[in-house]
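The following exercises ask the reader to work from a sequence and a model to reasoned conclusions. Please examine both before attempting the tasks.

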Amino acid sequence: MKNIRIHKDIVFKKDFQPFLEYAKDYITKNDGRLIIRNVKYLSDGGRHSGSCDGKEIIVAGKCSKFMEVFVHEFAHFTQAVDKAPLWENGSDGTHFWNWLAKKESSDGIKLWDELIDIILVERDCELRSLKLIKKFDIPISVKDYTKSANLYLYYYHFCFLKRKWMSNYTELYKSELFLKMPEKIIPKSKISKIDMNMMKLFEEVLG
């Protein structure tokens, strides 16, 4: 399948194969593309290991959390296929990301609603990911995935306050803060407000 490009040196866990085959078929049927590269990180800036623009999924096949990243990006693809309102009608985040990279001088307050749209899309993606993990019995700890997802959602608030995507953000997943995360995806009410006590804990880890 020419729309499925997986580097020949990437080896997948046997328990992951059924989901991978399902995902490849789903992507093909919906005119998408899948690229799995033989790298730890993608060369799109930062230390990202996956991306999905609604048409193409790209994943770093050698990243330490490959299965988690793959499921997450595939869940984004399902948002696009389903024409999920959050995906279709929310902001594409361009102004926020440009502001974060200091390419725009806009007042951050004006971008708050755009940030909320971004986080809500990610929250929906995480819920979809968890459903896939359970449905296909993917060898990923549901408890750990949920905690990591909540860290990721809160992290956007921290980036907003710092106006920076932290280069050391993966330290969060090794910290005690990970253990303090809820075992259920945080409600929408937590997204529309910044928990400053939580942000102080992020500050202790990331500085």
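The exercises below concern a predicted model, and each is followed by a worked solution.

**Exercise 1.** Determine how many helices and strands the chain has, and in which pattern they follow along the sequence.

*Solution.*
Step 1. Counting the elements gives 9 helices and 4 strands.
Step 2. Reading along the sequence gives the pattern β-α-β-β-β-α-α-α-α-α-α-α-α.

**Exercise 2.** Assess how compact the chain is for its 207 residues.

*Solution.*
Step 1. The radius of gyration of the chain is 17 Å.
Step 2. The globule rule gives 17 Å for 207 residues, and the value for the chain is close to this, so the chain is as compact as a globular protein of that length.
Step 3. Taken along the principal axes, the box filled by the C-alpha atoms is roughly 45 × 35 × 30 Å.
Step 4. Among the 207 residues, 47% count as buried.
Step 5. Consider the contacts in the chain with a separation of 6 or more: 67% of them join residues 24 or more positions apart.

**Exercise 3.** Establish how many disulfides the structure holds, and examine the surroundings of Cys-63 and Cys-159.

*Solution.*
Step 1. In general, a disulfide is a covalent bond between the sulfur atoms of two cysteines.
Step 2. To count here, the two sulfur atoms must lie within 2.5 Å.
Step 3. The structure holds 0 disulfides.
Step 4. For Cys-63, the nearest cysteine sulfur is that of Cys-125, 15 Å away, and Cys-63 is in no disulfide.
Step 5. For Cys-159, the nearest cysteine sulfur is also that of Cys-125, here 17 Å away, and Cys-159 is in no disulfide.
Step 6. A residue is buried when its relative accessible area is under 20%. Cys-63 therefore counts as buried at 10% relative accessibility, and Cys-159 counts as buried at 1%.

**Exercise 4.** Locate Lys-83 and Asp-137, and decide whether each is buried or exposed.

*Solution.*
Step 1. Lys-83 lies in the loop between helix H2 (66-81) and helix H3 (85-89).
Step 2. Phi of Lys-83 is positive, near 50°, although the residue is not a glycine.
Step 3. Exposed means over 50% relative accessible area. Lys-83 has 57% relative accessibility and so counts as exposed.
Step 4. Asp-137 lies in the loop between helix H5 (112-135) and helix H6 (142-162).
Step 5. Asp-137, likewise not a glycine, has a positive phi of about 50°.
Step 6. With 61% relative accessibility, Asp-137 counts as exposed.

Conventions. Residues are numbered from 1 along each chain as its sequence is written. This is a predicted model: local features need pLDDT of at least 70, side-chain atom pairs count only at pLDDT 80 or more; totals for chains, interfaces and linings use all residues. Side-chain values use heavy atoms; hydrogens and water are left out. Buried means under 20% relative accessible area, exposed over 50%, partly exposed in between (1.4 Å probe, protein chains only). Helices (H or I, at least four residues) and strands (E, at least two) are DSSP runs, numbered from the N terminus. The radius of gyration is taken over C-alpha atoms; the globule rule is 2.2 Å times the number of residues to the power 0.38. Contact means heavy atoms within 4.5 Å.
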